[in-house]
Structure formats: structure tokens, C-alpha cells
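User: I'd like to go through this one term by term, asking what earns each label. Shall we start with the chain on display?

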Amino acid sequence: MNTRAPESEALLTPAEVASMFRVDPKTVTRWAKAGKLSSIRTLGGHRRYRESEVRELLSGMLPQQRQGDSD
């Protein structure tokens, strides 16, 4: 029996997430440390982020960003 998380879910690197939000990768790491975004640690200790969670967060932030841009 496999007790690991579903392997079909795509995982993103901090750089990939940062590029989606147009921020620095260190900002993504700070978000994870603050609990705004959950991360998974690889065997090598690197952070990875669930693509579904990142896209959900991104879609929730877009209306706020658009509203701020129009002012």
C-alpha cells in the first residue's frame, strides 16, 4: 500500500512560483514560512509547492491586483 501523496499532482519550484506572481523566489520562501503557502520538502531539503494551491492563491489575488492597478 502506498502512503505517499498522490504523485500525479504537479509540484513547483520556488522560482516557478515566483515567476507566476512576479516576485523574487525569496518572497515565496517567506510566504511559506509565514503560513500563506504550504510547502513540501524534497529529500534534499528543497521546498516544492503544489501547483493547485498556487493557482488557487494566484486566482484569488488577481482581482485585488487589478483593482490596485486601476487607481
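**Helix α1**

User: Which residues are buried in helix α1 (residues 14-21)?

Analyst: P14, V17, A18 and F21 are the buried ones in α1. They cover an arc of only 100° around the axis, so they sit on the same side of α1; the arc is taken from the directions that run from the helix axis to the C-beta atoms. As a rule, an α-helix has 3.6 residues a turn, so residues three or four places apart point the same way. Just after α1, R22 has a positive phi of about 60°.

User: What do these labels rest on?

Analyst: This is a predicted model, in which local features need pLDDT of at least 70 and side-chain atom pairs count only at pLDDT 80 or more, while totals for chains, interfaces and linings use all residues. Numbering runs from 1 along each chain as its sequence is written, and side-chain values use heavy atoms, with hydrogens and water left out. Helices (H or I, at least four residues) and strands (E, at least two) are DSSP runs numbered from the N terminus. On that basis the protein chain has three helices and three strands, in the pattern β-α-α-β-β-α.

User: Why does F21 count as buried?

Analyst: Buried means under 20% relative accessible area, exposed over 50%, and partly exposed in between (1.4 Å probe, protein chains only). F21 comes in at 7% relative accessibility, so it counts as buried. W31, at 16%, counts as buried too. Of the 71 residues in the protein chain, 20% are buried.

User: Why are F21 and W31 called an aromatic pair that is edge-to-face?

Analyst: Rings of Phe, Tyr and Trp (its six-membered ring) pair if their centres lie within 6.5 Å; planes under 30 degrees apart are stacked, over 60 edge-to-face, and the rest tilted. By this rule there is one aromatic pair. F21 and W31 are 5.1 Å apart centre to centre with 80° between the planes, and are edge-to-face. F21 lies in α1 and W31 in helix α2 (residues 25-34), so the pair ties together parts ten residues apart in sequence.

User: How do you know that β1 and β2 stand at the edges?

Analyst: Two strands pair if DSSP finds at least two bridges between them. Strand β1 (residues 11-12) pairs with β3 in the antiparallel sense over two bridges, and so does strand β2 (residues 40-41). The result is an open sheet of three strands in the order β1-β3-β2. β1 and β2 each have a single partner strand, so one side of each lacks a neighbour in the sheet. As for partners in β3, L12 stands opposite Y49, I40 opposite R48, and R41 has R47 as its bridge partner. β2 and β3 form a hairpin with five residues between them, and G45 in the turn has a positive phi of about 90°.

User: Which side chains along strand β3 (residues 47-50) are buried, and which are not?

Analyst: R47 and Y49 point to one face and are buried, whereas R48 and R50 point to the other and are not.

User: What makes R48 count as partly exposed?

Analyst: R48 is at 23% relative accessibility, so it counts as partly exposed.

User: What does R48 touch?

Analyst: Contact means heavy atoms within 4.5 Å. Leaving out residues up to four places away in sequence, R48 touches L11, L12, T13, P14, S38, S39, I40 and T42. R48 and L11 are 37 residues apart in sequence and 5.7 Å apart in space, C-alpha to C-alpha.
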